[in-house]
Every structure is written in structure tokens, then in C-alpha cells.
Amino acid sequence: MAKIYIPYGYEKAIETCPFLFLKKCVYKDYQNELVYYWKVEDDNINDTFKEEEFGDEYKDSEVLLGKVVKITNNVNSRETTNNKSDIYQISVVNQPEESDLDIMLNYAIGGELNILNEKFNYCYLMWCLNYGDISPNLLRASINKHPKKEKLLSILREISPCLSIQKQNLLISLLGSGKIYNPTCVTEALFRINPQQKNFDNLTIFDKFDIIFRFIKYQNIEFDILKELDRDNEIIEIYNWLENDEYKISNYNIVTKWYSFMSHYIRLYIVKRYFHDIRNKYIEYDENIIEQFENNKYNKFQIFRHCLKSPKEAYPLSIELLCNSVRIFKKSNGRKFQDINGLLDIAIKKCDVVQPKIDFKVNEILPICNGGAIVNASFSGFIKIEKEYVLKPETIEKENIKKHARNLIDRFTSRYEEYFCSYAINGDIQLAKCLNLFKGEANCLKKHVYDDRWNMVNNNAKDLCRLFIDDIDGDNIKYFEEKQVNYEKLINIIRSLPQKYGIKNKSGYSFIDINESRQELLNEFYELKCYKIYPNKDAVLVSKQYNINKIQYINSLNISLDKENLLEQKKWMSDITLKTLKEELKTEPICGTYFEVGPDKLDYLSKIYYYNASSNDNDFFTCRNNSKFYNLCAPKYAGTIHKATELNYFWCRGKECFKNNLDYQNIEKCYDYKDYTLLHIAEILGYKLITTKPGGYESMVIVRNYIAQIMKSVKKFNRLKCRECGHLLFIYKEGSYNQHTKYECINSLCSEYRKEVYLNYCYKCKKGLIDSRDTAQCDNHWYVCPSCLSCCDDNLIERLIQRDLLSLLSDKTF
């Protein structure tokens with residue numbers, strides 16, 4: 001048994017149903033070797049376990065069922081940490097006891113909490129029936145004593161076809177009647193493609209479908225042989241249809257018939273293959289077929305597959321989203337896709353209410369970002385900036401030099417101070433004792449700050465002061481005095497700075513790589529006249545090989561991005577920068593190389609040329625996903641030339657992108673139907689959703705709006721979960737989830753039972769998601785938006801008052 005920690009507030013849920021699924025995961029260690037471990041498939045529990053934790057007998061398993069048992073009360077940990085409570089142990093359930101079966105049967109039949117999709121409740125029972133070593137006598141005893149025996153028997157009959165033949169035989173003996181579900185065409189397909197294997201009795205119906213579709217591809221069986229195998233076998237006919245463009249399926253009813261038994265990816269390929277037939281003009285669009293793909297009459301088997309093959313994992317939603325959005329798009333004649341209301345409703349109907357985990361998987365149906373060519377946040381800039389200085393003669397005149405020297409010293413050092421005994425008694429020894437005892441705060445101590453003495457604070461101060469102060473070196477020097485300042489030496493150093501360290505320009509001297517001490521002299525005795533700006537001759541678009549491989553080329557760019565052409569890149573970039581600076585400043589470069597500007601232009605030029613003085617990275621482009629959630633590609637054309645590079649570009653989530661991933665979203669450039677996205681499918685149906693722009697392709701507004709709706713749906717769905725028990729939050733009334741703002745947990749075992757949760761998007765910015773569990777309220781009891789920090793304002797309150805008055809008048813009228 002392994003120790004596991006259950007978060008505070010989640011104990012009741014675990015004690016009611018103590019089972020957890022463990023999924024095998026893998027990562028690479030620092031030696032690049034694979035390391036396997038077990039992860040709890042529950043968002044409320046973060047524990048992981050070493051592969052060997054549960055013994056070598058499970059080394060080849062992908063999923064385990066564990067049972068949690070409390071071993072001790074850990075009162076102290078509950079007081080010291082907010083999220084840890086009692087200590088529990090977890091062990092693998094292989095031979096469930098009668099008490100285990102009682103819990104599983106109660107969970108399977110107790111649809112109080114999983115009222116939307118109760119079939120997810122069967123997961124523990126299904127898992128143990130198929131993969132566990134269940135005693136028929138114990139199972140019979142548990143069923144016979146249950147008050148809802150008939151309901152349980154009905155459930156067992158329902159799930160029996162999903163189990164292996166061995167386990168179906170067990171259930172038939174238990175039920176006293178029934179038939180083995182072993183479709184002939186499935187068995188024939190297995191034997192035809194894999195004649196070496198004689199017994200498939202230990203496989204579930206889902207395993208058989210997976211083997212059929214995997215094995216044919218793995219063996220690379222020739223199409224002609226498959227055509228021969230086809231005969232009247234519906235399963236091989238479906239495979240032939242999926243794998244061969246020229247193949248015409250005899251009847252789409254056989255596809256919808258077996259559709260729900262197949263894996264998520266095969267079902268997704270089926271939907272895309274159907275649209276490929278429309279593209280090839282084999283058939284015309286039929287909404288009834290799409291509706292069967294979205295809500296298949298056998299869709300309970302999709303849930304049963306999920307319970308056996310990937311229990312308690314996030315349910316994939318891309319197929320339902322694709323089919324639903326296509327139907328709405330087609331009905332609206334290409335004017336709209338699904339909105340947030342519909343997207344949330346689909347997710348809610350498909351999720352396990354007890355553990356609401358949905359993977360929208362929109363990257364399977366929409367164009368994804370490949371990293372693009374976006375601005376490198378560490379880029380040093382296309383320009384270099386230097387300050388030009390001229391000497392302020394008045395600062396080194398006899399009457400002023402002392403004042404400026406003191407200013408300089410004060411900035412770098414601190415005044416020397418000493419404590420004295422106020423009563424002038426007992427000498428230095430007693431003074432030292434008082435200082436140590438009272439830390440300088442006793443009434444008998446008097447602090448004196450010298451006006452002409454300074455501490456040696458640090459080495460920087462010493463470096464500065466030794467330029468013009470005599471006798472300053474030495475380990476025992478605590479301070480120096482004003483009388484040590486050599487003003488002649490200081491004046492000579494100040495005058496010599498341009499000759500020794502400066503570069504002469506039109507209006508003054510610029511200084512490169514000058515140390516901090518001499519820079520302080522410049523700041524005190526020189527005037528900043530202007531700024532010298534010139535191209536960064538080391539700036540390139542891209543030089544790192546990884547980014548070069550990803551980007552390859554930029555539309556409208558006439559130079560190669562290969563590493564061998566970096567010198568050409570640098571020259572091209574430098575020439576462009578000089579040219580655009582000339583246009584921006586409306587003046588010729590001084591000596592053909594640089595410009596001088598005042599502070600009023602500096603900030604603007606720094607921004608448009610990406611100047612970053614603290615960086616040495618000269619690559620302008622990088623390849624990186626620019627999204628927080630899904631890496632979707634839906635850029636908006638900027639409509640103008642990029643100032644610094646004279647390239648066309650797009651806006652992507654507030655950042656510049658110079659190469660998007662929409663080049664292959666035209667149907668004529670997509671050669672494999674498995675790569676189809678919603679954009680390809682829309683074009684097949686007669687609606688082109690991308691337009692050609694000078695810098696590439698741009699998604700139309702309808703696509704960008706749809707993606708925004710999806711992102712909002714993902715964000716809101718992830719919040720529709722009780723933070724104590726993990727169950728789905730329910731609305732107060734029936735209706736669409738996005739038409740309500742108040743939710744509650746209906747789990748009676750939860751400490752948050754029936755407590756109101758306000759969840760709504762900000763009325764002002766439309767982006768911030770307000771969650772009352774996290775968000776503060778203003779004085780008027782409005783929640784503050786986490787994005788724009790808005791709450792209430794006078795206009796909104798006046799509008800609400802107006803709306804209420806109109807409602808009252810309307811009521812009186814009728």
C-alpha cells in the first residue's frame with residue numbers, strides 16, 4: 001500500500017466512494033532515459049507514485065484501479081496547512097471484496113449527482129467486471145441484498161456487450177439468461193487480417209475494433225487484398241473507405257451502425273472522410289448523417305468505451321463540436337457557427353458530473369499555430385542608441401567645482417557619523433558598551449553627522465573617489481575628509497573624458513563601455529545634448545537553426561533565411577533600418593550613418609524599432625505558441641506595412657506575427673482528408689473562410705469570433721466545478737448554462753452544498769471572467785473584474801434604474 005494525501009474537504013467524497021484510477025505516465029530524466037510513474041486520475045488529488053510502488057505484476061498495465069483507506073487522523077497537518085487533512089493509503093483493487101462491490105453497485109445505481117449522464121457511474125463496476133478477478137458468489141450476494149436489485153440487473157445487461165466473452169459468460173451465469181455479444185463481421189475481420197491469433201475471447205468489443213484498424217495499417221496490407229477480404233464484411237469495408245480515396249462505400253448506414261464502438265480518432269476520421277466524399281462528388285451533404293455522427297443512437301457505447309479504455313480522463317469533444325457547428329453553419333447559409341451557449345451545453349451534456357473533465361480538442365478541427373514568426377521578447381532592437389554629451393563649463397569654475405564635487409560624493413557615499421556620551425564621562429570604553437547595549441537609542445548617547453566626512457560605502461564608491469581624492473587607499477580607512485579632495489585633479493579628469501573615452505559626433509561626444517565612475521562624472525559635469533541613433537548592424541530576422549527550420553521563409557521577403565546567408569540578412573536589415581529612419585525623421589543621416597534626435601522622439605523610436613538596452617539577443621523572430629489555452633491560428637491582418645522591417649504582418653493575441661499557419665487551409669493544398677479542419681469543410685460546402693492578404697492568409701471574422709466563443713467556453717467550463725468536492729456546479733433553473741450567472745453545488749455531502757457562486761463575464765471588457773470565489777466586491781456590492789478592474793459605474797446604474805422603471809410601466813399597462 002502507498003500513502004496518499006486527500007485534500008481537506010474532499011474526505012467525505014472519498015469515504016463515500018474510495019476508488020481512484022491510476023494512469024501510467026512517462027517522462028525523460030536528466031540522462032534522457034524513460035521513467036514511468038502512476039498518476040491519480042482525479043483533479044482534486046495531485047499525488048503520483050513510482051512505477052514499482054504497487055509491484056511488478058502491474059508493470060505492463062496502463063491503468064489501475066486503486067482503493068483508498070484512512071489510516072490515521074492527522075490533526076496537526078490540518079491546522080498548519082490549508083489543503084492537507086487525514087492520511088490515507090491506496091492499494092490496487094484486483095479481487096474486490098463484498099464491501100467493495102457494494103460501493104460500486106451503489107455508485108452505479110445512484111444517479112442523484114450524475115443526473116445528466118448516469119452511465120459514467122458504471123465506470124468502477126465495468127472496470128472490475130472486465131479487468132478484475134470478481135468472485136461470482138460475492139457479486140451475486142451483493143446484488144441479491146440490494147434494494148434496487150432489478151435496476152442493477154438491468155445495468156449489468158446493458159454493459160455486458162462491452163465486456164470480453166469470458167466476462168460476458170460470467171454475467172450470463174449470474175443473470176440466468178442472455179446472449180454473448182460477438183458480432184460475426186467483427187470476428188471475421190479479426191481472423192481475416194490476423195489468422196495467426198486463434199482466440200480473442202479475452203478482448204472487449206472495443207479492443208477488437210482497435211486491433212482491426214491498427215493491425216491492417218501496421219501490416220500494410222495491399223488494397224487489392226483488402227478488396228478481396230471486403231466481400232460482405234462491413235468492418236473491412238469501413239476500413240477500405242477510410243484508407244482509400246477512390247473507395248466508395250456501399251451504404252453510410254453501416255458507418256453509423258458501428259460508429260460508436262470505434263475510438264475517438266477513428267470516429268473523427270469517419271466524419272472527415274464523409275466530407276471528403278462530398279468533395280469528390282460521391283454524395284451530397286445530408287444533415288441526418290451529420291446528426292448521427294453528433295448524437296449517434298448507440299452513443300452510450302462511446303461512454304462505455306471511455307469508462308473501460310480511459311476512465312475518469314477528460315472526455316474528448318472535438319467531434320461533437322465539429323458536427324454541431326457544421327450543422328448550424330449550413331443552416332445559417334454560412335453566417336454563423338455555434339455560440340458560447342451551445343458550446344457549454346454540449347460540454348455539460350457530455351461530461352461526467354461527478355468529475356467534470358472535458359477536453360475540447362479544438363486543435364483537431366481548427367488550424368493550429370506552428371510557432372509562427374513572432375517577435376522575440378528578448379530582441380535587442382534594430383537600432384543602437386547613444387547619449388551625446390557636452391561639457392558644462394560653469395560646473396568646473398572655481399566657485400562651482402566644490403558644490404558639484406560634494407553632489408557627486410553625496411550620491412555615491414553617505415555622511416560619516418559618530419556617537420558621543422552626552423555627559424562626557426567614562427571615556428571611549430563606556431561609550432562602546434552603551435552603543436552595543438542601546439543600539440544608539442539611549443538618551444545618554446548623542447549622534448553627530450559630519451558635514452565634511454564621508455563613509456567608504458562600497459567598492460564602487462572607492463573607484464569613483466580615488467579618481468580625485470588623495471590618500472584614499474588602505475584597508476583601515478573608515479572615512480575620508482573634504483580637505484583630501486584634489487580639485488585640480490578632478491578638473492583635469494573631467495576635461496579629458498571626451499579625448500580618452502568619447503566618440504566625436506556632430507553635436508557632442510558619445511561614450512561606449514564607459515565605467516560607472518566616469519559615467520557619474522558625465523552626469524554631474526556634462527549636459528545631455530541629444531541622442532545618437534543608428535542601425536544595429538548585428539540585428540537579423542532569424543539566426544537560430546531551430547527557428548530557421550520552423551519558419552523557412554516569409555511571404556514578400558526576397559532574401560534567404562538560411563544560416564549561410566546571415567551576412568546578407570544583417571546588411572539587408574541594416575539598410576532597411578537606415579532607410580526607414582530617414583523616412584521617419586525626414587532628414588538625411590549624418591555622414592550617411594547616424595541621426596541625432598531629442599528626447600521627444602526617443603521613446604517613440606525605441607518602441608517601433610524594439611530597442612532593448614539590457615539584451616544582447618539580435619534575433620527578431622522566434623517560434624513559440626502565443627496562446628494560453630489552445631494553440632489555434634486565427635490572425636488578423638494588420639492592414640499596413642511593418643515600420644521597422646517593411647514586411648506585411650498580422651496581429652495574433654496582441655502580438656505581431658509575420659508568418660501564420662493558414663497556407664494549407666485552402667482545400668486545393670490539403671491532400672489528406674485526415675488533415676481537414678472546419679475551414680476545409682466549410683470550403684467543401686461552398687463557403688471560403690480565409691482571404692488572401694499581402695502577407696499571407698487571414699481568417700474571416702466569423703472564424704475569429706468562433707474561436708473567441710470557444711476560448712470563453714473553455715474558460716467558463718473550467719470554473720463550473722465545486723472547489724471542495726469537484727462536482728459540476730448546477731444552475732438554479734433549467735436553461736442554457738451561459739444564460740445564468742448564479743450556480744451551486746448540489747452534492748449534499750459537500751461543505752459548499754447550496755452555496756451560491758456568481759460566475760459571469762464582465763459587462764464592460766467582455767473578457768474578464770468574474771468568479772465570486774476569487775473576486776472582491778466594491779462598496780456598491782458589485783464584483784470587480786479581474787481583467788479590466790471595472791465594477792459599477794454611473795451609466796450602468798442609471799441604465800438599470802431605467803430598465804426597472806420601464807418594466808414597472810409595462811406591468812401597469814398590461
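## A covered strand

Strand β16 spans residues 526-535, and seven of its 10 residues are buried, so the strand counts as mostly covered under the cut-off of under 20% relative accessible area. This is a predicted model.

Strand β16 has two pairing partners to look at. Strand β10 (residues 383-391) pairs with β16 in the antiparallel sense. Nine bridges hold that pairing. One of the matches sets K387 against Y531 in β16. Strand β17 (residues 595-597) also runs antiparallel to β16, with three bridges between them. Here K532 has E596 of β17 as its bridge partner. In a regular strand, side chains alternate between the two faces of the sheet.

## Two nonpolar cores

In soluble globular proteins, nonpolar side chains tend to be buried together. The largest nonpolar core of this model has 141 residues. Those with the most contacts inside this core are L156, F213, F275, F293 and L366. Helix α27 (residues 701-719) gives the most to the core, namely eight residues. A second, separate core has 35 residues, including F382, I383, I554 and I559.

Take F275 as a sample from the largest core. Which residues does F275 contact, leaving aside neighbours within four places in sequence? The list is Y285, I290, V326, Y676, I681, I684 and L685.

## V255, a buried helix residue

V255 is found in helix α12, which covers residues 252-258. Is V255 buried or exposed? Its relative accessible area is 0%, so V255 is buried.

Leaving aside neighbours within four places in sequence, V255 is in contact with I238, W241, I249, I270 and F293. I270 sits 15 residues from V255 in sequence. Their C-alpha atoms are 8.0 Å apart in space. F293 is also one of the residues with the most contacts inside the largest core.

## Two buried phenylalanines in strands

F19 lies in strand β2 (residues 19-28). The relative accessible area of F19 is 1%, and the cut-off for buried is under 20%, so F19 is buried. Not counting residues up to four places away in sequence, F19 touches L65, G66, K67, V93, D100, I103, M104 and Y124. F19 and I90 are 71 residues apart in sequence. In space, C-alpha to C-alpha, they are 8.9 Å apart.

F49 has its place in strand β4 (residues 48-50). Why does F49 count as buried? F49 counts as buried because its relative accessibility is 5%, and the cut-off is under 20%. Not counting residues up to four places away in sequence, F49 touches A2, K3, I4, L22, Y37, W38, V40, F54 and I90. K24 lies 25 residues from F49 along the chain, with 9.5 Å between their C-alpha atoms.

## The largest pocket

The largest pocket has a volume of about 910 Å³. Its lining has 36 residues. V63, L308, K309, S310 and E313 are the closest to its centre.

Several elements give two or more residues to this lining. They are β2, β5 (63-72), α4 (123-131), α9 (205-219), α13 (264-279), α15 (300-309) and β7 (315-316). Which element gives the largest share? That is α15, with five residues. By class, the lining of this pocket has 15 nonpolar, eight polar and 13 charged residues.

## Enclosed cavities

Rolling a probe the size of a water molecule over the atoms shows where empty space is left. How many cavities of 30 Å³ or more does the structure hold? There are five.

The largest cavity has about 100 Å³ of space. Its lining is made of F120, C123, H306, C307, P311, K312, E313, Y315, D352, Q355 and K357. By class, five of these residues are nonpolar, two are polar and four are charged. E313 lines this cavity, and E313 is also among the residues closest to the centre of the largest pocket.

The second largest cavity has about 70 Å³ of space. Its lining has 12 residues. Those nearest its centre are C369, C633, C652, C657 and N660. The lining divides into six nonpolar, five polar and one charged.

Methods
Residues are numbered from 1 along each chain as its sequence is written. This is a predicted model: local features need pLDDT of at least 70, side-chain atom pairs count only at pLDDT 80 or more; totals for chains, interfaces and linings use all residues. Side-chain values use heavy atoms; hydrogens and water are left out. Helices (H or I, at least four residues) and strands (E, at least two) are DSSP runs, numbered from the N terminus. Buried means under 20% relative accessible area, exposed over 50%, partly exposed in between (1.4 Å probe, protein chains only). Contact means heavy atoms within 4.5 Å. On a 1 Å grid over the protein atoms alone, a cavity is a set of points where a 1.4 Å probe fits but cannot get out, and a pocket is an open set with protein on both sides within 12 Å along at least five of seven lines; lining residues have an atom within 4 Å of a point. Grid points are joined across faces, edges and corners, and a volume is the space filled by probe spheres set on the points. Ala, Val, Leu, Ile, Met, Phe, Trp, Tyr, Cys and Pro count as nonpolar, Asp, Glu, Lys and Arg as charged, and the others, Gly among them, as polar. A nonpolar core is a set of buried Ala, Val, Leu, Ile, Met, Phe, Trp, Tyr and Cys residues joined through side-chain atoms within 4.5 Å. Two strands pair if DSSP finds at least two bridges between them.
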